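Colleague: I'm new to this one, so could you take me through a single part of it slowly? I'd like to hear about the sheet and whatever goes with it.

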Amino acid sequence: MSDGHDRDLSASLETLLLEQEPLSLARGAAPPLYQTSLFTFDSFGQMREAIESQDDSYLYTRGRNPTVRAFEKKVALLEGAEDACAFASGMGAISAAILSQVEAGDRIVCVRNAYPDAYKLMTGFLPKLGVETVFVDGSDAEAVATALTDDVKLLYLESPTTLLFELQDIAELTKLAKANGVVTLVDNSWATPLGQRPLALGADLVLHSASKYLSGHSDVVAGVVAGSSERVSGLRSLELMVLGGKLSPFDAWLLLRGLRTLPLRLERHRSSAKTVAEFLDTQPAVSTVHYPGLASHPQRSLFDRQLKGGSGLLSFEFSDERLVEPFVDALHHFRLGVSWGGFESLVYPALMSHLTAGEGSATRAFAVPRSLVRLFVGLEDPDDLVSDLAQAIASAHNAVRKGERAMEV
Ligand SMILES: *Cc1c(COP(=O)(O)O)cnc(C)c1O
């Protein structure tokens with residue numbers, strides 16, 4: 001796909017995000033949606049050329065589609081990558097990216113508290129193909145170095161991690177991996193490319209659950225992997241084509257729409273989440289707040305070094321597990337649900353995973369505290385959100401006290 005106009009390389013990412021996608025037939029401000037499964041040719045020669053050419057030629061939407069391609073190019077731009085490949089979900093991106101790097105007999109080193117379904121892939125699925133995974137504390141570089149034995153092919157990072165938001169020093173760990181000939185992959189969903197650019201820190205592949213911030217409107221499930229042209233074209237020609245987990249053109253179109261406001265949305269999520277984290281930190285009922293942007297966070301100096309700003313997703317622990325259920329039920333503005341990254345505030349208690357996920361789940365394996373509650377801080381007025389949390393904590397206390405009195409009688 002030819003650009004039509006050259007990019008002004010001095011422009012900021014915020015400006016580049018708003019540039020016209022180079023697809024428009026009639027210079028429409030918004031890009032066209034190529035809702036087509038296939039592309040046709042005028043002649044045998046033209047079709048043959050399209051199939052044989054290495055550049056962006058369109059044949060069949062499982063491999064390439066102009067609307068999907070525009071989304072991929074925008075993500076590559078944001079991540080400072082040569083190319084990107086989109087998938088039907090974050091898990092589609094994760095499984096394809098991992099499968100592109102390992103074969104039977106290989107080992108993966110993965111950080112503890114990685115996304116639960118990534119954990120399930122590594123413990124419940126990949127062993128069937130002869131690929132084993134070792135889980136390490138990613139904040140301990142020595143532990144990572146020790147785990148990088150000769151059979152390791154992939155270092156899987158997620159910084160910060162799911163539910164507990166532990167950071168890894170990406171530059172230090174990718175250096176260790178490189179010295180051992182190991183490929184590093186980073187799940188960058190929490191920070192977004194505006195907050196953290198793993199490829200510049202030495203990672204080989206970076207991926208996103210685009211269902212979260214990149215979409216931003218709780219209406220798309222999608223994933224994307226970015227990296228060098230060589231790695232991404234390998235991923236597209238094999239794992240995308242044969243496993244078939246492609247992104248739909250309409251979802252790509254929604255993602256292009258969502259991406260335009262990413263900087264604005266992120267700014268609001270960050271500032272409101274900081275307000276919420278600071279409020280929770282003052283609450284006697286709260287024993288720990290897990291938010292790396294908080295001044296008191298043990299990894300605050302790494303946060304300042306590695307990230308440009310925080311995120312809207314954080315967690316905290318109640319000192320008393322009994323507060324969890326009445327707290328969640330008393331909230332008005334935080335809706336109870338999985339996922340995050342949209343416009344609306346959400347609450348998710350780890351207890352839910354403990355009660356519903358099976359024996360071998362990540363929540364149990366990594367001993368996530370039962371009193372932990374995750375909050376996604378949405379775009380509502382932050383004062384309303386803090387008031388909601390305050391009344392829900394008070395209400396939860398009352399409910400627990402009432403329960404105790406009922407026990408006494
Ligand atoms: C949600 C999520 C995923 C999985 O993405 P889906 O789009 O739901 O498949 C992967 N990693 C992280 C950090 C996530 O939050």
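Modeller: Here's a walk through the sheet, followed by a look at the ligand. Keep in mind that this is a predicted model.

Let's begin with the strands. There are seven of them, and they make up an open sheet with mixed pairing. Reading across, you go E1-E7-E6-E5-E4-E2-E3. At the edges you'll find strand E1 (83–87) and strand E3 (132–136); each has a single partner strand, so one side of each is left without a neighbour in the sheet. As you step across, neighbouring strands are turned by 20° against each other on average, if you ignore direction.

Now pick out one pair. Strand E4 (residues 152–158) and strand E5 (residues 183–187) run parallel, and five bridges join them. If you want a spot to zoom in on, go to Tyr156, whose bridge partner in E5 is Leu185.

Something also packs on this sheet: helix H3, residues 66–79. H3 touches E1, strand E6 (205–209) and strand E7 (223–227), and its direction makes about 130° with that of E1.

On to the ligand, which has 13 residues around it. The closest are Gly90, Met91, Asp187, Ser211 and Lys212. At Gly90, a polar backbone atom sits 2.8 Å from an oxygen atom of the ligand. With Ser209 the side chain is involved: one of its N or O atoms is 2.9 Å from a ligand oxygen. For Lys212, the distance from a side-chain N or O atom to an oxygen atom of the ligand is 2.7 Å. On its own the ligand has 380 Å² of accessible area, and the protein covers 88% of that.

Note on methods:
Residues are numbered from 1 along each chain as its sequence is written. This is a predicted model: local features need pLDDT of at least 70, side-chain atom pairs count only at pLDDT 80 or more; totals for chains, interfaces and linings use all residues. Side-chain values use heavy atoms; hydrogens and water are left out. Two strands pair if DSSP finds at least two bridges between them. Helices (H or I, at least four residues) and strands (E, at least two) are DSSP runs, numbered from the N terminus. Axes are lines fitted to C-alpha atoms, for helices over the stretch in contact, and angles run from 0 to 180 degrees between N-to-C directions. Contact means heavy atoms within 4.5 Å. A residue is near a molecule or strand if one of its heavy atoms lies within 4 Å of it. A polar contact is a pair of N or O atoms within 3.5 Å; within protein, one must be able to donate a hydrogen and the other to accept it, and residues adjacent in sequence count only if both atoms are side-chain atoms. Accessible areas come from the Shrake-Rupley method with a 1.4 Å probe; for residues, only the protein chains shown count as cover.
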